[in-house]
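Colleague: I would like to take one part of this model and look at it slowly, as a first-year student would need to. Could you walk me through it with the terms explained as they come up?

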Amino acid sequence: MQPRNMSMSGVVDLAAVKAAGEAKAKAEQARAEAARQGGTAAVPPASLVIDTDEARFERDVLQQSAEVPVVIDFWAEWCEPCKQLSPLLERLATEYNGRFVLAKIDVDANQMLMQQFGVQGIPAVFAVVAGQALPLFQGAAPEAQIRQTLDQLVQVAEERFGLTGLTVDTEAGEAQPAPAPAGPYDALLGAAVDALDAGDFAGAVQAYKNVLADDPGNTEAKLGLAQAELLGRVKGMDPQKVRKDAADDPADVPAQIAAADLDLVGGHVEDAFGRLVDTVRRTAGEERDAARKRLLELFEVVGAEDPRVTAARQALARVLF
């Protein structure tokens with residue numbers, strides 16, 4: 001399969017696999033583990049099309065690509081061609097019946113992923129197979145061309161990596177999405193809130209993670225987890241020392257990250273975001289990545305719809321690229 005009109009700039013940072021042989025070994029290891037546990041369970045048709053983001057990308061795309069090719073649809077609400085292509089890809093994901101999974105990424109809310117994949121325009125379609133990123137096509141291509149590309153992708157996945165796809169539970173039916181058990185989730189979320197009120201932040205974190213393990217898209221659990229982790233980090237801090245350390249040495253990345261946590265807990269959202277954006281701008285390598293990751297975590301605390309998050313994402317993209 002040949003790349004088509006796409007730049008692969010930066011994708012190697014996402015793949016985390018340096019050679020096809022290593023990727024294949026990881027895929028085989030994942031399948032062997034699944035076999036030891038009785039095989040991979042059948043998935044409902046609704047699982048073939050997912051919405052993902054920066055926080056869930058590793059699990060939804062990289063990890064899942066060890067079992068099945070993951071096709072990535074970069075789109076945006078304002079993109080007219082996307083409105084033609086996305087429904088077609090969703091229909092084909094169902095028609096191919098588990099031979100690939102479609103992951104949809106809103107570029108407005110996930111600019112980091114767009115930049116790391118080198119996306120120059122949307123719609124843009126990539127695939128990740130056993131951790132290896134492949135550019136597929138850009139624009140609203142004809143259905144016949146898309147089918148041909150997907151057929152090649154499925155063939156490559158099977159021949160090079162031994163990925164035969166997922167088993168789909170056809171009896172589940174498209175009209176029957178996986179139900180969210182009200183009782184257990186309510187109990188776990190209630191336990192998390194009680195733990196927060198008691199200052200047991202580790203307990204709250206675990207309770208929220210228990211919910212997300214079964215329901216990764218649970219908005220309340222995602223927000224609660226980010227808040228609990230933040231409160232747990234600042235619990236043992238000496239605010240005066242943290243702020244003094246950050247003021248005395250702007251190049252001290254751990255000090256800036258700690259001060260940003262305190263800023264956010266104190267309600268100084270713009271200060272927290274601005275501090276970390278400046279830290280990313282001044283640093284490189286692992287230190288830059290640490291500051292960037294903490295900024296993304298703080299975005300989760302505030303919420304993606306907050307205009308301050310949108311502004312900070314744009315500022316972050318400017319200093320990174």
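In what order do the five strands of the open sheet stand, and what kind of pairing do they have?

Modeller: Before the sheet itself, please keep in mind that this is a predicted model, in which local features need pLDDT of at least 70 and side-chain atom pairs count only at pLDDT 80 or more, while totals for chains, interfaces and linings use all residues. Residues are numbered from 1 along each chain as its sequence is written, and side-chain values use heavy atoms, with hydrogens and water left out.

The protein chain has 14 helices and five strands, where helices (H or I, at least four residues) and strands (E, at least two) are DSSP runs numbered from the N terminus. The five strands of the open sheet stand in the order 1-3-2-4-5, and their pairing is mixed; two strands count as paired if DSSP finds at least two bridges between them. Strand 1 (49-51) and strand 5 (132-138) each have a single partner strand and stand at the edges, so one side of each has no neighbour in the sheet. From one strand to the next, the twist averages 25°, with angles running from 0 to 180 degrees between N-to-C directions and axes taken as lines fitted to C-alpha atoms, for helices over the stretch in contact.

Strand 2 deserves the closest look. Strand 2 (residues 70-75) and strand 3 (residues 101-106) run parallel and are joined by six bridges. In general, strands of a sheet pair through backbone hydrogen bonds, either parallel or antiparallel. Along this pair, Ile-72 stands opposite Ala-103 in strand 3, and Phe-74 has Ile-105 as its bridge partner.

Strand 2 is largely enclosed by the rest of the structure, because six of its six residues are buried; buried means under 20% relative accessible area, exposed over 50% and partly exposed in between, with a 1.4 Å probe and protein chains only. Both faces are covered, with Val-70, Ile-72 and Phe-74 buried on one side and Val-71, Asp-73 and Trp-75 buried on the other. For the protein chain as a whole, 45% of the 321 residues count as buried.

A helix also packs on the sheet: helix 6 (residues 143-161) touches strand 2, strand 4 (124-129) and strand 5, and the direction of helix 6 makes about 170° with that of strand 5, a contact meaning heavy atoms within 4.5 Å. Of the contacts in the protein chain between residues at least 6 apart in sequence, 71% join residues at least 24 apart.

Elsewhere in the chain, helices pack on one another. Helix 8 (residues 201-214) and helix 9 (residues 219-234) have axes that come within 9 Å and cross at roughly 155°. Helix 8 is therefore roughly antiparallel to helix 9, since angles under 35 degrees count as roughly parallel, over 145 as roughly antiparallel, 65 to 115 as roughly perpendicular and the rest as oblique. Helix 13 (residues 285-302) and helix 14 (residues 307-320) pack at about 165° with their axes 10 Å apart, which makes helix 13 roughly antiparallel to helix 14. Within helix 13 lies Arg-294, which counts as buried at 17% relative accessibility and touches Arg-233, Ile-257, Asp-261 and Leu-276, leaving aside residues up to four places away in sequence.
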